[in-house]
Amino acid sequence: MERYGESLSIAGLSTGYRDRRIVQGLTLPAVAPGTVLSLIGPNAAGKTTLLRALAGLLAAEGSVRLGDRDLVGMALESRARLVTYMPQSLPQRVALTVLEAVIGAERASAVDRDEADRLAIVERAMDVIERVGIGHLAMTGLDHLSGGQRQLASLAQALVRTPRVLLLDEPISALDLHYQLKVMKLVHALSRERGMIVIMVLHDLAIAARWSDRVVVLSNGAVAADGPPAEAISAEVLAQVYKVAARVAPGPSGLQIDIEDTLPL
Amino acid sequence: MNDPATTGAARAAAIAAYRQAVRRRVLIVAGMGVLCLFAFALDISTGPSALPLADVWAGLFSPDTLSAPQVTIIRDVRLPYALMAILVGAALSLAGAEMQTILNNPLASPFTLGVSSAASFGAALAIVLGLSLPFISADWMVPLNAFVAAFASVLLLEALARSRAAGVEGVVLFGIALVFTFNALVALLQFVASQEALAQLVFWGMGSLGRATWSNLSVLAVVLAVTVPFSLRSAHAMTALRLGEDRARSFGIDIARLRILSLLRISALAATAVAFVGTIGFIGLVGPHIARLMLGEDHRFLLPASMLTGALVMSLASVASKIMVPGALLPVGIVTSMIGVPVFLFLIMRKPERV
């Protein structure tokens with residue numbers, strides 16, 4: 001499959017809900033193809049809001065460019081060929097199997113495919129399900145899965161559309177350690193293989209540090225730090241944004257982060 | 001567990017199981033179609049005037065062999081009656097299936113959420129006030145007015161379903177309030193209606209196939225012929241909507257457009273059915289639930305199967321209404337309610353978080 005080569009850049013992006021602005025004039029230097037970027041920050045920092053605006057689910061002003069295409073003015077259906085969003089919520093009370101749900105995700109609207117790929121939709125859906133590690137559950141109903149298994153099915157639904165930009169809202173919040181690591185490895189490998197840009201909201205700083213090329217720390221809807229994990233996650237930033245006293249040091253794999261105490265708010 | 005040979009076999013098994021499931025669903029839908037034909041045949045063969053099955057078929061295909069009254073009974077009473085059962089069942093059940101998906105509510109149906117009541121108020125208004133528009137025949141005037149009222153009620157329901165404050169239960173309670181409101185308004189119209197209009201209004205409360213005529217049938221057939229193709233075309237979008245609204249939108253589906261077009265179809269289907277046969281309860285609830293139990297929620301199969309189960313249940317209810325009390329023709333709405341109420345209660349009771 002072709003390797004994507006466009007960068008994503010965000011300039012002067014403002015978004016939010018009817019009665020309150022959450023993100024105001026946010027600018028991010030270009031995110032190169034094949035980058036895994038983690039969005040971290042305290043509760044209500046605007047992480048999910050930013051992700052939903054990038055997905056086109058929230059009205060936004062400013063510019064979000066993928067290569068030479070402006071995503072902000074783009075119709076939802078055209079944008080869905082480029083960008084896929086995996087929400088944090090999982091489907092409830094649905095009488096569909098994992099495989100049906102993944103096929104349904106692909107068929108929901110047109111995706112750029114050549115003829116052979118279009119015909120082999122069942123096989124491709126099955127590939128994705130196997131890659132996220134739930135091949136044995138392909139014909140199990142979503143209602144019969146655990147929260148973690150449903151989260152993996154949800155990831156498979158996003159991946160099957162082979163987006164250029166993949167937006168993940170807390171993709172590992174319901175997963176055990178094994179699957180947390182598996183998903184991070186998979187996302188990392190796919191971004192390298194396809195040149196896919198991954199932007200994900202994470203709460204676990206150690207995982208963000210270990211598996212991201214770039215970390216953006218959000219606080220009150222603005223960028224508090226942006227850079228490689230070792231630069232963006234520092235004791236000063238953690239103190240300022242999360243109000244915690246921490247020690248951050250380079251470790252054998254990624255960063256060694258010790259949160260020692262809370263600071264007065 | 002990661003041995004490539006076993007995973008390869010498991011993978012092939014899963015794909016085979018999926019294809020098998022698709023084939024099974026096609027067969028089930030076809031089987032439902034055949035059952036509908038049988039029920040239809042049974043329906044035209046039963047009635048107060050004892051005509052043997054052979055005579056009924058003779059009346060349809062070689063009328064010369066029977067007396068004129070017999071031919072009239074078969075062609076102008078039994079046949080339209082049985083066809084109306086099939087079409088009304090299909091229309092109400094399709095409307096119910098779409099409502100359940102669009103409102104994300106397993107208890108939704110034109111009857112339970114007051115859309116049928118709104119439609120009968122609209123129809124009653126047209127009859128009592130004798131409304132008419134130039135270039136529109138009376139055959140269309142009553143369903144048209146029913147449609148306007150039904151559409152207003154679904155817009156209200158949809159607005160409520162979208163304001164997350166209400167929740168699934170809130171929408172159901174609001175629907176019940178709509179039922180009471182429109183029933184009261186119909187009662188008010190009955191109070192001021194002329195003797196002749198009153199007779200027509202009372203018939204709605206019952207829900208009966210007794211007024212099926214060929215012109216009514218053709219109006220309902222046209223409405224179905226127009227709505228069904230659009231409904232089936234949105235099957236993929238509706239399946240995706242079941243995976244969650246944000247997810248479906250991120251897959252490129254214009255949910256607002258999907259909703260409004262679906263609500264238009266629901267209103268048209270429910271309003272036409274109500275305008276000709278009155279409020280028939282629970283078909284729009286029972287039909288889709290039977291179909292969902294058999295086929296799951298891939299809407300490519302769920303929507304047509306819902307129509308067929310609705311048609312089948314309605315057709316059998318029509319047969320039952322003719323034979324339950326010997327010598328009497330019960331309004332079919334009574335029979336569907338007797339089937340529907342237990343199903344409705346079961347859906348409410350089975351698991352609190354599922355409602």
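## A walk through the two chains

Let's start in chain A, where strand 1 (residues 8–17) runs antiparallel to strand 4 (residues 60–66), the two being joined by six bridges. One of the facing pairs to look for is Thr15(A), which sits opposite Ala60(A) of strand 4 of chain A. Keep in mind as you look around that this is a predicted model.

Strands 1 and 4 of chain A belong to an open sheet of four strands, with antiparallel pairing and the order 2-1-4-5. At its edges are strand 2 (20–31) and strand 5 (69–70) of chain A, each of which pairs on one side only. Now look for the helix that crosses this sheet: helix 1 (residues 47–55) of chain A lies across strand 1, strand 2 and strand 4 of chain A, and its direction is at about 110 degrees to strand 1 of chain A.

Chain A also holds an open sheet of six strands, and here the pairing is mixed, with the order 6-7-8-3-9-10. Its edge strands are strand 6 (83–86) and strand 10 of chain A, each pairing on one side only. From one strand to the next, the twist averages 15 degrees. Two helices that pack on this sheet are worth finding. Helix 6 (residues 147–159) of chain A touches strand 6 and strand 7 (165–169) of chain A, and makes about 170 degrees with the direction of strand 6 of chain A. Helix 10 (residues 235–242) of chain A touches strand 3 (36–40), strand 9 and strand 10 of chain A, its direction making about 30 degrees with that of strand 9 of chain A.

Stay with strands 9 and 10 of chain A for a moment. Strand 9 (residues 214–219) and strand 10 (residues 222–227) of chain A are antiparallel partners over five bridges. Along the pair, Val216(A) stands opposite Asp226(A), and Leu218(A) has Val223(A) as its bridge partner. These two strands form a hairpin with two residues between them, and Asn220(A) in the turn has a positive phi of about 50 degrees.

Next, move to the place where the chains meet. Here 33 residues of chain B are in contact with 41 residues of chain A. The area buried between the two chains is about 3100 Å², with 56% of it coming from carbon and sulfur atoms. Which three residues of chain B supply more of the area that chain B buries against chain A than any other three? They are Tyr18(B), Arg247(B) and Phe251(B), which together supply 23%.

Polar groups also meet across this interface, with 14 residue pairs in polar contact. On the side of chain B that touches chain A, the elements giving two or more residues are helix 1 (4–45), helix 9 (235–241) and helix 10 (245–250) of chain B. Helix 1 of chain B gives the most, with nine residues. Sorted by class, this side of chain B has 12 nonpolar, seven polar and 14 charged residues.

Finally, consider the charges. Side chains of opposite charge can pair when their charged atoms come close. Over all chains, the structure has 21 salt bridges, and the count between chain B and chain A is five. One salt bridge brings together the side chains of Glu123(A) and Arg19(B), at 2.9 Å from N to O. Another links Arg11(B) with Asp127(A), whose closest N and O atoms are 2.8 Å apart. Arg11(B) is in helix 1 of chain B and Asp127(A) is in helix 5 (residues 121–131) of chain A, so this pair joins two chains.

Technical notes. Residues numbered from 1 in each chain as written. Chains lettered and ligands numbered in written order. Predicted model: local features only at pLDDT ≥ 70, side-chain atom pairs only at ≥ 80, totals over all residues. Heavy atoms only, no water. Contact = heavy atoms within 4.5 Å. Buried area = accessible area lost by both parts, 1.4 Å probe. Salt bridge = Lys/Arg side-chain N within 4 Å of Asp/Glu carboxyl O. Polar contact = N/O pair within 3.5 Å; in protein donor to acceptor, adjacent residues only side chain to side chain. Nonpolar A, V, L, I, M, F, W, Y, C, P; charged D, E, K, R; others polar. Pairing = 2+ DSSP bridges. Axes fitted to C-alpha atoms, helices over the stretch in contact; angles between N-to-C directions.
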